[in-house]
Amino acid sequence: MSRDESPLVERMHQHSRTVFGEMSALATRLGAVNLGQGFPDQDGPEVLRDVAIAAIRDGRGNQYPPAHGLPELRRSIADHQWRFYGLRLDWETDVVVTTGASEAIAATLLALVTTGDEVVMFDPAFDLYQADVALAGAASVSVALASPDLRPDLTALAAAITPRTRLILINSPHNPTGIVFTRAELEGIARIAVDHDLLVLADEAYEHLWFDDFRHIPIATLPGMWERTVTIGSGGKSFSFTGWKVGWATGPAYLIDAVKVVRQHLSFVSSGPFQWAIASGLQLPDAYFDDFRHDLARQRDLLALGLRNLGMRVLTPQGTYFISTDVTPLGFESGAQFCEWIPDNAGVVAIPMSALSDHHDADSFVRWAFCKRPETLRVALERLTAVLPRR
């Protein structure tokens, strides 16, 4: 093989770059405000940091934890699913701890789909999904969220199902659009899954990040869905410690057993001291989750108002960290053109929705992360305000 040729396998060529890493690197290089990548710019609860530090100091977290997660954390996850959703889990068989939600997603897809299978998902979507489907040797089938408000199109979803379809991948609260699927939308997805005897991978990493009356509903709670659904959770997203990389997958034992087989050959184990901390976090009182959500809603409103005042069409998010805006009213041809222009001219970074989509309907949209301190958001808005009227 020539040294000029990439040794990367063909199926991964289109996934060799990720817009999140590229835009974060650009923000660092330019000293720009990074509203692209979805991580908070302040830490989560001090009490959880203290638990992690204590686990290091007293030696509980410094060696390999049990292969499928600390029993204390797996019990806390099972208790959490009962407390918030009425799902009764056996912590020993129905829960596996992973290196972040990302590994949980990868392990699930690698365990459950293979060459010749199709995985159907709504579009735009987190770019990890298609990369992991490709790693499994399967094919991604994207179904565009319906314009103008980017909602699930159940007719299009049903039409995308073929004899090769093995699994439907859903994400609610939804990254990148910020929508939260309604009960009616979830029931429609459930009917399709049951009618075609399909598995479902439900990425619910943002489960506690819903606003107003748009309460998150796990699809596994719907009739006929527990036995066919793997649900993904994230300690990083729920407690603002994204660098700790503690996630999990829950579901019926026969599916979680399959996920365990693959996951143990990926990272084997990880996050020893942080597993103790997340176990404590899941036991925090309801007031923590309520306050966290309300604080984020205020940050959402601050950024949404500012972007709307700049002349963008704003889709007010119902959940997640993210605001979607149509920037074509500002005179830009696309979200990609806008996101190429603002780092150098405004000192702000955002993500073009087209980087997360196979469909042109998303080309005019930009994704903004509002999980930043109010002063960070105000600086970004001031910088944008200073240059956009001159365009």
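How many helices and strands are there in the protein?

## The overall build

Let's start with the basics. This is a predicted model, and the protein in it has 13 helices and 13 strands. Its radius of gyration is 21 Å, close to the 21 Å that the globule rule gives for 391 residues, so the protein is as compact as a globular protein of that length. If you drew a box along the principal axes, the C-alpha atoms would fill roughly 60 × 55 × 55 Å.

How is the chain put together inside that box? Take the contacts between residues at least 6 apart in sequence: 76% of them join residues at least 24 apart.

## Inside and outside

Of the 391 residues in the protein, 57% are buried. As for the outside, the protein exposes about 16,300 Å², and carbon and sulfur atoms supply 51% of that area.

Then there are the charges. The protein carries 34 positive and 47 negative ones, and the mean positions of the two sets are 4 Å apart.

## Rings that meet

Now for the aromatic side chains. How many aromatic pairs does the count come to? The answer is 18.

One pair to look up is Phe84 with Phe289. Their ring centres are 5.2 Å apart and their planes sit at 75 degrees, so this pair is edge-to-face; the cut-off for that label is over 60 degrees. Phe84 belongs to helix α3 (residues 71-85) and Phe289 to helix α11 (residues 286-309), so the pair ties together parts that are 205 residues apart in sequence. Are these two partners buried or exposed? Phe84 is partly exposed, with a relative accessible area of 28%, while Phe289 counts as buried at 1% relative accessibility.

## Another pair, and a cluster

Next, find Tyr206 and Phe322. Here the ring centres are 5.8 Å apart and the planes are at 75 degrees, so this pair is edge-to-face too. Tyr206 sits in the loop between β6 (199-203) and β7 (229-234), and Phe322 is in strand β10 (residues 322-326). With their positions 116 residues apart in sequence, the pair links distant parts of the chain. Both Tyr206 and Phe322 are buried.

Finally, go back to Phe84 and Phe289. Which residues form one aromatic cluster with them? The cluster consists of Phe84, Tyr85, Phe239, Tyr288, Phe289 and Phe292.

Methods
Residues are numbered from 1 along each chain as its sequence is written. This is a predicted model: local features need pLDDT of at least 70, side-chain atom pairs count only at pLDDT 80 or more; totals for chains, interfaces and linings use all residues. Side-chain values use heavy atoms; hydrogens and water are left out. Helices (H or I, at least four residues) and strands (E, at least two) are DSSP runs, numbered from the N terminus. The radius of gyration is taken over C-alpha atoms; the globule rule is 2.2 Å times the number of residues to the power 0.38. Buried means under 20% relative accessible area, exposed over 50%, partly exposed in between (1.4 Å probe, protein chains only). Contact means heavy atoms within 4.5 Å. Accessible areas come from the Shrake-Rupley method with a 1.4 Å probe; for residues, only the protein chains shown count as cover. Lys and Arg count as positive and Asp and Glu as negative; His and the chain ends are not counted. The place of a charge is taken as NZ of Lys, CZ of Arg, CG of Asp or CD of Glu. Rings of Phe, Tyr and Trp (its six-membered ring) pair if their centres lie within 6.5 Å; planes under 30 degrees apart count as stacked, over 60 as edge-to-face and the rest as tilted.
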